[in-house]
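Work through the exercises below with the model open. Each task is followed by its solution.

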Amino acid sequence: MAVKSLVKPSAYYDSVTLMLVARELVRLPGVNDAAAVMATEANKAILLQAGLLTPEAQAAGANDLVIVVSATDETIDEALSQAERLLQKKQPEVASEAPGQAFAQGYRPRTLTAAAKATPQANLALISVAGRYAADEAWEALHRGLHVFLFSDNVSIEDEVMLKRYAADRGLLVMGPGAGTAIINGVALGFANVVPRGPVGLVSAAGTGLQEVTSLLARHGVGITQAIGTGGRDTSQAVGGITMLMGLQALQEDNNTEVIVLISKPAAKTVTQKVLDQVNRSQKPTVVCFLGEDARSLGVEEKKNLWAVRTLEEAALQSVAIVSGKKDFDLSARDLSDNITELRRQLQPQQRYLRALFSGGTLCYEAQLIWRDQLKEPVFSNAPLDEGNKLADSSHSQGHTAIDLGEEEFTVGRPHPMIDNDLRIRRLLQEVQQPEVGVVLLDVVLGYGAHPDPASELAEAIRKAQETAAKAGRKVIFVASITGTDGDPQNYSRQEQLLRDSGVILCPSNAAAARLTARILEEYG
Amino acid sequence: MDRPALTQSLFGQPLTILNLGLEIFSRSLQMQQVPVVEVDWRPPQVAHLRFTRQGIDIDLANQEVCRRIKAGRPVLVGMGIAKQVIPNMHERMILHAGPPISWERMCGPQRGAVMGALIYEGLAKNEAEAAALAASGEIEFAPCHHHHAIGPMAGIISPSMPVFIVENKTFGNHAYCTLNEGLGKVLRYGGMGEEVYARLKWMEKVLYPALDRALNKIADGIDLKSLIAQALHMGDECHNRNRAATSLFIRAVAPALMRTSNDNETLAKVIEFIDQNDHFFLNLSMPAAKAMLEAAEGVEGSSIVTVMARNGTEFGIRLASMPERWFIAPAGRVQGLYLPGFKEEDANPDIGDSTITETAGYGGMAMAAAPAITKFVGGTPEMAFQTTLEMYEITQDEHDAFTIPALNFRGTPLGIDVRKVMETGILPQINTGIAHKEPGIGMVGAGILRAPKECFEEAFAALQSL
């Protein structure tokens, strides 16, 4: 046993704090006895009695703090440094406190810095302030050691690159800018669905894409470890996939993750290469869904641990197949065997075109990929796959038309269509007045952040639309899919029932809805 | 670069989230029972400045400034007569509170205090003579702050006045302050008259020698940092309330006073004088602050305020990066409570060097430690908490020696950052006394106010050009 002391001049602590520190010290292995006291004469007498009065403690004054430890030679220095750490914490209970307890008096911190200082256990900042302020706030969060979920868009690409490089150097994750969805440790951030925990880990540069895949997994009984959103620009040449690569590597190292899914719109060639190289560093089964790109277009040979799929639905089904021990999924049995001929018969000869009104940008993209293969005529869009099919005027449809109502042209000064159905309903009523419209396709996105009951509003609008069409002697076919789960606040089954009751044909996925639409219209022609 | 893996720093860790922006995201997290702090975010009023034009990282500079302030160890080491111990003080010099000012522009109470001091010094027989002498140009006026000194209210230090000498043991620098005269009609509030001079003479001839003898007997001096830390736990913020600290000071000095006095009646009067003046410790709390802050001056690129001071006409601040330069704005109006017979119209604008306590991270910054003083403005203890919590928004750091029990022993807000004041629009909280605007009358009340915005704007502009 050795006795060693530490004197801190002019360091006043109240006696209760010091007793708490001493109590912690005595609990350390190898520590026989410990004291933390102000070096008053009375306290020195107590130290003397306890055999803890070192010459340094003897020489200290009433305003000096003395810490004395009696312990084995091996543990004594560690015990003393632990004492310093405990004093620095000064609030041994802080970790167990509810956050914001420092604000119990009703004070709401005005700045991220003040909030972080009062909440030392905070580890993530969720930032959705206007874009021109967002980068600064993200810097501050990173400086404070926080991971960042940056929902805001309109952050410059230069800022994005600098933020992500800075963060990556420090092992911090920047999700976004423009990250809509993430599920970290089971917590839904931004727009996200309630899905079970399970073996699949995901990284996605497409927000609704991540929602669609995680929801499909959940509805197939497969849960997730982590779902990391990167923001849409992450896989561009300029950003270089910093967040996707970090997320991928983390999932490769994560013992709970058995299968990895990567989602993006087609990525820059260099990024694709880096991602594929990183995939190859691990044996974990990995499903790469760079929308529309298969193994051939990615220039990879599918090895035993890599599957390159073209749609969100395939990404989900392939993951389910791997989890359940099968090599590949089987799509053929999935589509509804609705009587296409029966459906077709409901349409007038001039009703040749589809109108798809999307709230989810990635879902709009996925549907167009399917239609590119299955429809003879082109699909025009405000967010087309090929610039040649761009709508001349987003407010007027022509031929087959797919509108992404979440595009900025529709959301400036107005809530996103996932939150507010008004714009979509108005457009829907406008479309059914066109005699050439045969099928209207809708996506309904549920989860945290979304409208509390979208199906009720849409169902009512669809009834109204059918009345309008009926007056003109027509019937329009409504097809929809729901991105969501029964755990979502809106409840998938209830939303499904509401839509069915209004005569909508429900499909199990966005891709399936797109295929059904194509079949109705193609077979009609 | 040490790069912790996400699998350890994020995966599997319980999330605690700070939300800035859309409230729906906070609601969603609350529905999931995830701890979330909803920040009451508003757009910054100016863009955040990270580097000076010379490329200095302002945050790093500020960290260094706060490190030095926190490392400071102010100890009362002795006493002396102003002209003998204050550097560059001389027989014809009068030091005053606040930024530099001429006799012509001085406010009523500061003029009153100057005249009173000249009479006390025997340089003038009456007020008229004193005024003429003050205006003659024969007397040199200088801010206390230019001489490592600090003065409450009018802040007058004249050559014969006894002063405390406070040494920052960590850095070796010194600060000086007169002895507190008490309340009511006193020189520092501009009070004039026979009783004022008689008291000052008694302080010079009786109080000072007694304390001086006692302090000489206390080998290591009296540790002021420790007294302030304890007083904060006893209901003082060590600016407007010094009752606990004054009591602690008596405890610290009493045995030595006893041992060095052979006249019990004198001794009793000395202790009585200190005891009857709840603000006796203010004149120690102030030089303690000055000694800690001065050691942090001269750090290039820092945006931390190291001086806030008022002369009753103007409010001035100085930055650690530009310690020679004053940024000045008109002095503000104090909201407060008034002594019987006085009202708001009688009040002089904000005055005194005592804002050094806020600058050093106590005083108004530590309101939550002293809820009793919110009575000055009809406030509640709740308001005291709100004030301190708000001050964390504009400070770089938290003190590690000065803590607030009611905030779970959180350190007091330390290091007012001009950038944060500008970004948030939150101005430093100041607790203060109120002097009558006419010379010769004295104290009329006490209250609170915020520092004026303009001097921070000017300092921020200067910082942007560094």
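**Exercise 1. Classify Arg73(B) by accessibility, then do the same for its salt-bridge partner Asp223(B).**

Step 1. Arg73(B) has 23% relative accessibility, so it counts as partly exposed. The classes are: buried under 20% relative accessible area, exposed over 50%, partly exposed in between (1.4 Å probe, protein chains only).

Step 2. Asp223(B) is at 6%, so it counts as buried.

Step 3. The closest N and O atoms of Asp223(B) and Arg73(B) are 3.8 Å apart. A salt bridge here is a side-chain nitrogen of Lys or Arg within 4 Å of a carboxyl oxygen of Asp or Glu.

Step 4. Locate both ends. Asp223(B) sits in strand S9 (residues 222–223) of chain B, and Arg73(B) in the loop between H3 and strand S3 (74–81) of chain B. The two are 150 residues apart. Helices (H or I, at least four residues) and strands (E, at least two) are DSSP runs, numbered from the N terminus.

A note on the source: this is a predicted model, where local features need pLDDT of at least 70 and side-chain atom pairs count only at pLDDT 80 or more, while totals for chains, interfaces and linings use all residues. Residues are numbered from 1 along each chain as its sequence is written, chains are lettered from A and ligands numbered from 1 in the order in which they are written, and side-chain values use heavy atoms, leaving out hydrogens and water.

**Exercise 2. Find how far apart in sequence Glu64(B) and Arg67(B) are.**

Step 1. Their side chains form a salt bridge at 3.0 Å, N to O.

Step 2. Both belong to helix H3 (residues 58–71) of chain B, three residues apart, so about one helical turn separates them.

Step 3. Glu64(B) is partly exposed at 24%. Arg67(B) is also partly exposed, at 44%.

**Exercise 3. State which parts of chain A the pair Arg310(A) and Asp373(A) ties together.**

Step 1. The closest N and O atoms of this salt bridge are 3.5 Å apart.

Step 2. Arg310(A) lies in the loop between strand S13 (306–308) and helix H12 (312–323), Asp373(A) in helix H14 (residues 361–374), so the linked parts are 63 residues apart in sequence.

Step 3. Arg310(A) is partly exposed at 25%, and Asp373(A) is exposed at 52%.

**Exercise 4. Which strands stand at the edges of the open sheet S12-S11-S10-S14 (chain B)?**

Step 1. The sheet has four strands with antiparallel pairing. Two strands pair if DSSP finds at least two bridges between them.

Step 2. S12 (322–330) and S14 (351–352) each have a single partner strand, so they are the edges.

Step 3. Two bridges join S10 (residues 305–311) to S14(B). Asn311(B) stands opposite Ile351(B).
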